[in-house]
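Me: Hi! I have a structure open and would like to talk through its strands and loops. Could you help me find my way around?

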Amino acid sequence: MTTLASPLASLALAAALAAAAVAVAAGPAAPLASEELRGRLELVAKDGKSKARGSDPSQAVVYFEPAAAPAHAPKAPESAFRLVTRNKEFSPHILAVPVGSRVQFPNQDPILHNVFSVSPGNAFDLGIYRSGPPKEKRFEQPGLVRVYCNVHQSMVAYVLVLDTTHYAAPAGDGAFRLTGLPKGPGKLTVWHEQADPWSLELSLPLAEDAPPVAARLVVLRPKLPAHLNKTGDAYSHSDAYR
Ligand SMILES: [Cu+2]
């Protein structure tokens, strides 16, 4: 009796094993995120040829947005980023964060500041404050946040809120490298405060013999953009809270 049933049983077992093997192969294991992208950013003057003087490639942000949503959406880090006010400047001047991140704004000056932004989706106003426990803001919308001080017109910072965790700053010579990227199509973008964003659709991995990505951005704007205060008025000529 058992000898009759055994060929069927072993067939069933083989089928079950095959199904299990397929299930493992297509299971929830994270896709390999080991791709790399190298390139170089060049900042050129308005003539499109000569090097832009006084514009710093290391102040750019390079980021990659995969076309397909990841199986597990990347989370913003639990700990807050910091954007300090010191010597009447913001430090760092450029801060890239994943969407949902908290940013603290500690005042390390002996004077008062009033950090604010009117950028759509991420507007905020921290009010006038001294040193002490830092005020903070959570950035919920992807996009560029222009951060100013309502007291000091010359204070400017940018928070670039990204829908990706794949970002980096170029080196001083413009060379950049993103690692740990997922395979497949996506969009590479280079952002710099003085230029229009540059982007390129590509699919990873690139061909073995592909040259490094060359991003050429034309510097169109001055470093200190004209801007109004938080109520939409011009700044007064004297700093009231020196
Ligand atoms: Cu200020």
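Me: Let's start with the hairpin. How many residues join S15 to S16?
Reply: Happy to help! Six residues make the hairpin connection from S15 to S16. Keep in mind that this is a predicted model.

Me: And in which sense do S15 and S16 pair?
Reply: S15 and S16 run antiparallel, with seven bridges between them. If you want a spot to look at, Pro185 sits opposite Ser203 in S16.

Me: What about S2 and S15, parallel or antiparallel?
Reply: Antiparallel here too: strand S2 (residues 61–66) pairs with strand S15 (residues 184–191) over six bridges. On that side, Glu65 stands opposite Lys187 in S15.

Me: What holds paired strands together in general?
Reply: Strands of a sheet pair through backbone hydrogen bonds, and the pairing can be parallel or antiparallel.

Me: Okay, on to S14, S1 and S17. In which order do the three strands sit in their sheet?
Reply: The order is S14-S1-S17, in an open sheet with mixed pairing. Strand S14 (175–181) and strand S17 (213–218) are the edge strands, each pairing on one side only.

Me: How much are neighbouring strands turned against each other there?
Reply: On average by 25°, ignoring direction.

Me: Which sense do S1 and S17 pair in?
Reply: Strand S1 (residues 35–44) pairs with S17 in the parallel sense, over six bridges. Leu41 is a handy marker, as its bridge partner in S17 is Ala215.

Me: Now S3, S7 and S10. What is the strand order in that sheet?
Reply: That open sheet runs S3-S7-S10, and its pairing is mixed. The edges are strand S3 (81–82) and strand S10 (135–138), and each of these pairs on one side only.

Me: How many bridges link S3 and S7?
Reply: Two bridges, in the parallel sense, with strand S7 covering residues 102–105. To find the pairing on screen, look for Arg82, whose bridge partner in S7 is Gln104.

Me: Changing topic: prolines. Is the peptide bond from Ser91 to Pro92 cis or trans?
Reply: The bond from Ser91 to Pro92 is cis, with omega near 0°. You'll find Pro92 in the loop between strand S5 (89–91) and strand S6 (94–98).

Me: And what kind of peptide bond joins Leu204 and Pro205?
Reply: A cis bond, with omega about 0°. Pro205 is located in the loop between strand S16 (198–204) and S17, so to speak to your earlier topic, S16 is the strand that the hairpin joins to S15.

Me: Next, phi angles. What is phi of Asn87?
Reply: Phi of Asn87 is near 50°, a positive value in a residue other than glycine. Asn87 belongs to the loop between strand S4 (84–86) and S5.

Me: Is Asn87 buried or exposed, and why?
Reply: Asn87 is exposed, because it has 8 other C-beta atoms within 10 Å and the exposed class covers 12 or fewer.

Me: What about Lys88, what is its phi?
Reply: Lys88 also has a positive phi without being glycine, near 55°. Lys88 lies in the loop between S4 and S5.

Me: How does Lys88 count in terms of exposure?
Reply: Lys88 counts as partly exposed, because 15 C-beta neighbours fall inside 10 Å. Being buried would take 20 or more.

Technical notes
Residues numbered from 1 in each chain as written. Predicted model: local features only at pLDDT ≥ 70, side-chain atom pairs only at ≥ 80, totals over all residues. Pairing = 2+ DSSP bridges. Helix = DSSP H or I, 4+ residues; strand = E, 2+ residues; numbered from the N terminus. Axes fitted to C-alpha atoms, helices over the stretch in contact; angles between N-to-C directions.
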